[in-house]
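Grab your viewer and work through these exercises one at a time. Try each task before you read its solution.

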Amino acid sequence: MNGTRSMLQLRHMPRSSLLFTCNNFPKAVNFAPQKIMHPSVCFCQQMQTATYEIVNGSYVPAGDPKQASKVKDKGAMPPEAVGAFQKLPMVMPAVDIFYSALRKAKRISPTKGIANAAKRERNRGAKQLDALMKELAVPLRMYKENFPNKRNLHPYERSLIELTLGDGNYEEVLSKVDNLRKTLVSVGKEHASLCAKSLSKREAEERLSEGMKKIEEIFNREGKAVDELLNIAKTLRAMPVVDLETSTLCLVGAPNVGKSSLVRLLSTGKPEVCNYPFTTRGILMGHITLSFQNFQVTDTPGLLRRDDEDRNNLEKLTLAVLTHLPTAVLYVHDLSGECGTSPSDQFIIYKEIKERFGDHLWLDVVSKCDLLSDSPVVFITEDSNDDNLELARYRRMGPDGAIRVSVKTELGIDELKNRVHELLVTQSERIKALKSNEESLEAPT
Ligand SMILES: Nc1nc2c(ncn2[C@@H]2O[C@H](COP(=O)(O)OP(=O)(O)OP(=O)(O)O)[C@@H](O)[C@H]2O)c(=O)[nH]1
Ligand SMILES: [Mg+2]
């Protein structure tokens with residue numbers, strides 16, 4: 001940790017850093033830590049970065065079946081809690097599961113004391129087939145039981161699953177894995193029983209080899225469901241970790257209005273900034289330490305003027321954050337005509353979002369003020385004669401009380417930092433009040 005005794009100095013909090021993106025829009029972002037000193041308030045943050053590779057190929061050995069059944073639905077969490085993705089079991093690649101099971105099965109010897117060669121061989125064959133089937137079924141059962149049922153997840157995590165993996169894909173893969181287990185159990189039992197009924201040593205050897213071949217065929221054909229599950233676990237585990245009890249600031253606005261640029265300025269993080277829409281392709285969680293208090297920041301993909309059913313998954317992620325996480329909102333308006341969404345369209349988006357999420361603590365900023373001379377640039381496709389009074393006012397000033405800022409000239413940035421600090425402190429108080437309210441409701445009378 002870096003810092004001095006002064007309240008105004010930076011404190012570095014090393015954190016594992018995560019960004020998740022929709023699968024349809026994979027784009028890694030690098031954030032190098034950077035210090036920004038500010039005369040009145042100091043912000044420090046290590047932004048989270050894409051970490052899809054963190055579990056590459058790692059896995060834990062399968063547990064014993066009795067143990068597995070005891071931990072039934074271990075992945076289930078109280079619906080008000082988040083963090084289920086960090087508790088997902090490690091999934092072993094299909095090929096490793098198969099060869100590990102095969103090795104163990106082949107080491108099984110016949111029961112001692114069987115003198116008759118045919119009996120000994122059919123005993124060995126039945127035991128080996130049974131062992132192969134069990135060794136394959138155990139990890140598959142463990143996955144099925146330890147991956148949480150989507151219904152038991154916090155609604156935010158449920159949305160993340162739907163938006164990043166595609167609706168229904170998570171359940172489909174889990175059910176394919178479970179079907180594979182069931183097929184293996186039934187085929188394994190059938191062949192073990194056939195082998196046990198063999199009349200000669202030679203027949204027992206043939207039954208064993210047939211059974212093993214059949215199980216291998218099934219696993220080769222359907223085992224890719226296990227690899228799909230492995231990838232799902234990697235993707236989910238790499239999603240940003242949100243602490244519902246930590247005050248969070250969420251940057252919202254149309255695409256390309258300067259949200260990520262402000263995140264960079266308000267923190268030491270470095271989200272990607274580009275002059276095209278949807279540069280930010282996922283929810284990015286970062287952390288700020290301010291006067292020895294911890295806060296979270298999320299940068300979100302931009303919202304366009306359109307109906308919810310037409311929104312892309314990136315926009316839906318933004319709405320999921322606003323819907324399910326107790327964040328304060330920093331809404332960014334670009335009236336310069338630079339961002340690609342006209343001020344009147346931004347006004348419509350803003351009104352809709354404000355109406356839906358107006359119960360969040362809220363701060364409006366008008367960005368890119370260096371581009372706004374005395375009067376704002378008139379957006380090329382806008383006909384200002386059509387403006388109603390409210391819109392005309394918005395086009396000039398943004399919403400009432402909005403802070404005008406420029407990342408380029410740093411105009412308004414001191415004020416913004418102070419207001420963000422106040423907002424986050426108020427948000428913390430709100431969270432505490434809510435928590436103690438809940439606790440008093442839960443307390444026995
Ligand atoms: N002149 C000027 N340009 C700015 C300012 N803030 C941001 N920009 C530019 O605006 C463009 C978009 O900035 P971003 O921060 O990527 O915007 P965003 O809202 O995060 O964009 P998406 O992630 O695509 O939604 C970049 O070219 C920035 O350099 C500013 O204060 N002044
Ligand atoms: Mg961005």
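**Exercise 1. Is valine 321 buried or exposed, and what does it touch?**

Start with the neighbour count: valine 321 has 24 C-beta neighbours inside 10 Å, so it counts as buried, the cut-off being 20 or more. Next, place it: valine 321 sits in helix H9, which covers residues 313–324. Now list its contacts. Leaving out residues up to four places away in sequence, valine 321 touches Cys250, Ile283, Thr298, Thr300 and Thr327. Finally, check a long-range pair: leucine 160 is 161 residues away along the chain, yet the two C-alpha atoms are separated by 9.4 Å.

Since this is a predicted model, the next thing to look at is confidence.

**Exercise 2. Which elements have the lowest and the highest mean pLDDT, and what is the average for the chain?**

Take the chain as a whole to begin with: its pLDDT averages 81, and 78% of the residues score at least 70. Then go element by element. Strand E1 (residues 19–21) has the lowest mean, 38, while strand E6 (residues 362–367) has the highest, 98. Now look at the stretch from 1 to 77: pLDDT is below 50 over these residues, and the stretch has 172 contacts in the model beyond near neighbours in sequence. Where pLDDT is low, don't read the predicted coordinates in detail.

**Exercise 3. How many helices and strands does the protein chain have, and what share of its residues is buried?**

Count the elements: there are 12 helices and 7 strands in the protein chain. Then the burial: of the 445 residues, 41% are buried. Last, the contact range. Take contacts between residues at least 6 apart in sequence, and 78% of them join residues at least 24 apart.

**Exercise 4. How do H3, H5 and H6 pack?**

Do H5 and H6 first. Helix H5 spans residues 169–196 and helix H6 residues 201–222; their axes are 9 Å apart, at an angle of about 170°. An angle over 145 degrees counts as roughly antiparallel, so that is how H5 runs relative to H6. By class, the H5–H6 contact holds 10 nonpolar, 4 polar and 4 charged residues. Among the residues that meet there are Leu180, Leu184 and Val187 from H5, and Leu208, Ile215 and Ile218 from H6.

Now H3 and H5. The axes of helix H3 (residues 117–146) and H5 come within 9 Å and cross at roughly 170°. H3 is therefore roughly antiparallel to H5. This contact divides into 16 nonpolar, 3 polar and 7 charged residues.

For a follow-up, move on to helix H4 (residues 155–165), where the buried residues are Glu157, Leu160, Ile161, Leu163, Thr164 and Leu165. After H4 comes glycine 166, with a positive phi near 95°.

**Exercise 5. Which residues come nearest to ligand 1, and what classes make up its shell?**

The shell has 24 residues, and Gly258, Ser260, Ser261, Thr280 and Gly302 come nearest. Sort the shell by class and you get 9 nonpolar, 11 polar and 4 charged residues. Then sort by element: helix H8 (residues 259–266) gives the largest share, 3 residues.

**Exercise 6. Asparagine 256 and phenylalanine 292 have positive phi: where are they, and is each one buried or exposed?**

Asparagine 256 has a phi near 70°. You'll find it in the loop between strand E2 (248–253) and H8. Asparagine 256 has 21 other C-beta atoms within 10 Å, so it is buried.

Phenylalanine 292 has a phi of about 65°. Its place is the loop between strand E3 (282–290) and strand E4 (293–299). Phenylalanine 292 has 9 C-beta neighbours inside 10 Å, so it counts as exposed.

**Exercise 7. Where is serine 406, and what does it touch?**

Serine 406 lies in the loop between strand E7 (403–404) and helix H12 (413–442). It is buried, with 20 other C-beta atoms within 10 Å. Not counting residues up to four places away in sequence, serine 406 touches Lys368, Cys369, Asp370, Leu411 and Gly412. To finish, pair serine 406 with leucine 262: they are 144 residues apart in sequence and 8.9 Å apart, C-alpha to C-alpha.

Key: Residues are numbered from 1 along each chain as its sequence is written. Chains are lettered from A and ligands numbered from 1 in the order in which they are written. This is a predicted model: local features need pLDDT of at least 70, side-chain atom pairs count only at pLDDT 80 or more; totals for chains, interfaces and linings use all residues. A residue is near a molecule or strand if its C-beta atom, placed from the backbone, lies within 6 Å of it. Helices (H or I, at least four residues) and strands (E, at least two) are DSSP runs, numbered from the N terminus. Ala, Val, Leu, Ile, Met, Phe, Trp, Tyr, Cys and Pro count as nonpolar, Asp, Glu, Lys and Arg as charged, and the others, Gly among them, as polar. Axes are lines fitted to C-alpha atoms, for helices over the stretch in contact, and angles run from 0 to 180 degrees between N-to-C directions. Angles under 35 degrees count as roughly parallel, over 145 as roughly antiparallel, 65 to 115 as roughly perpendicular and the rest as oblique. Two residues are in contact if their C-beta atoms, placed from the backbone, lie within 7 Å. A residue is buried if 20 or more other C-beta atoms lie within 10 Å of its own, exposed if 12 or fewer, and partly exposed in between; C-beta atoms are placed from the backbone. pLDDT is the predictor's confidence in each residue, from 0 to 100.
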